[in-house]
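Student: I would like to go through this protein chain with you, beginning with its charged side chains and then turning to its cysteines and its core. Could you show me the sequence and the structure?

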Amino acid sequence: MVGRKLSHEPATRARQSPAAGSHCCKIQPGGSRKMTRLHYARLPLACSIILGCPAFAQVEVPPDGLTVAPTVRMLYDDNVLRQSDDLVSGDKDDIRITPALDVTFRKNLGVHQVTVVGSLGYDFHQRYSNLDQERVTLTAKGDVKVSALCYLRPSARLNFAQADLADQGMIVGNSERTQDYAVTAECDKPYGYYPVIKLGYLQTNNSVDSRRPFDIRTRSAGIGIAYSKASLGDIRLMFNVEAFRRPHWSGETSELRMSRGADNYRVGIEFKRAVAPRLSWSAGIGYIHTKARDERVDDYSGLGYHAGAVYRPSPRTSLVFDGSRSTSNQSNTGATYIVLTNFSLRGNTTLSSRSSIQAGASYARRQFKGELLIDTDMMRGTDETIALNAGYRFALRSRLTAGVDVRHEWRESAVERYRYKSTSMMLSLGLTL
């Protein structure tokens, strides 16, 4: 390990991986083609307030064209190792410099549309150079019209970066590489019934051999019937099946209470409506049953839900709320599956034609089911993470933009070694070509 030696072996911690959607830089589905375009326009807002999101979140997606922006970010973190102050002595702070190339692209192909948002960079750490890794993020989505009212909506997300040390049980340079693919077939009928079909596949691989048991695969399929009415909105009855798998699970780990996977079943009702130009929202409630593929791991049955709203009190200001409860498959958490409850509130205000401010807060609670006790012999059971962040953007020139983001995060756990606090600040400078 590069840097000062720590006085205590770090413990296993976990944070929601991109598989659960985390998440950061997620393009949210809209209830119609018009709503889909609106959500694309919101992407910079949703991500720019979250420290650590790529700079493409700070660039508006062009209506039809390509934007390329070389960007440099400098991040200072006073606890980059995500260690408990009570248990670990020595330096834990670090400066990370990430030169990157941010790209946004949108193309209208007749009645079809393709949008791509991405960032390609590399992290250079001042103290812990063993954490130097690529930082690549790519999100793509399309609208493919197959009939007068029906569409195929494929999406893809790639995320390659240093695995969060709050997830890992040891300080090791390990790239976590996630690929997430999905497609939805649906119709935007102004009135009447229509079917909905969803398919998805996600995989996360760890680059270091010692972390391979934490790799995950998730296959998902959903089918439902929807009813649409202009004065009512869009109502859907959905049934979803997900297969959580650990491809490198073996008999050697079977006695450690972690199953090779679980099967997740969800049935529920979803409702979406654009109440007015200033407000749109969606909500869903249903029943979840998660069955582990090992009798020694407890099953889970309970209520699941999700809710989201976008409110624009004025043309310059917008608020975004998200909340959900679900079961999830996550890499580097050391659990067969987790029960995740999270809430977030984000806001953005345009101060002038050259500047804007953002702020947000989030809360996440995780229950770990069937923990894999490789990094530690202590089971965390549950943990809670709270984060606060704020940011400021300013256009120095017509093509040159600067930004500053501040974030404070802390985690509480019944087990002392899983607690930590972290404060970080990021400075960024980008040039649009």
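Student: Which residues are linked in a network of salt bridges?

Tutor: This is a predicted model, in which local features need pLDDT of at least 70 and side-chain atom pairs count only at pLDDT 80 or more, while totals for chains, interfaces and linings use all residues. Residues are numbered from 1 along each chain as its sequence is written, and side-chain values use heavy atoms, with hydrogens and water left out. A salt bridge here is a side-chain nitrogen of Lys or Arg within 4 Å of a carboxyl oxygen of Asp or Glu. On that basis, the network consists of Asp143, Arg153, Glu186, Asp234 and Arg236.

Student: How many positions apart in sequence are the parts that aspartate 322 and arginine 346 tie together?

Tutor: Aspartate 322 forms a salt bridge with arginine 346, with the closest N and O atoms 3.1 Å apart. Both aspartate 322 and arginine 346 are buried, where buried means under 20% relative accessible area, exposed over 50% and partly exposed in between, with a 1.4 Å probe and protein chains only. Because aspartate 322 lies in strand β14 (residues 317-328) and arginine 346 in strand β15, the pair joins parts of the chain separated by 24 residues.

Student: Is aspartate 215, the partner of arginine 212, buried or exposed?

Tutor: Aspartate 215 and arginine 212 form a salt bridge in which the closest N and O atoms are 2.8 Å apart. Arginine 212 is partly exposed, with a relative accessible area of 28%. Aspartate 215, by contrast, has a relative accessibility of 0% and counts as buried.

Student: Which strands hold the two cysteines of the disulfide, cysteine 150 and cysteine 187?

Tutor: The sulfur atoms of cysteine 150 and cysteine 187 are 1.9 Å apart, and a disulfide is a pair of cysteine sulfur atoms within 2.5 Å. Cysteine 150 is buried at 19% relative accessible area, and cysteine 187 is buried at 10%. The pair links distant parts of the chain, 37 residues apart, with cysteine 150 in strand β6 (residues 150-162) and cysteine 187 in strand β7 (residues 175-187).

Student: Which elements give two or more residues to the largest nonpolar core?

Tutor: A nonpolar core is a set of buried Ala, Val, Leu, Ile, Met, Phe, Trp, Tyr and Cys residues joined through side-chain atoms within 4.5 Å. The largest one has 8 residues in all, among them Phe244, Ile288, Tyr300 and Val339. The elements asked for are β12 (279-292) and β15 (335-350).

Note on methods:
Helices (H or I, at least four residues) and strands (E, at least two) are DSSP runs, numbered from the N terminus.
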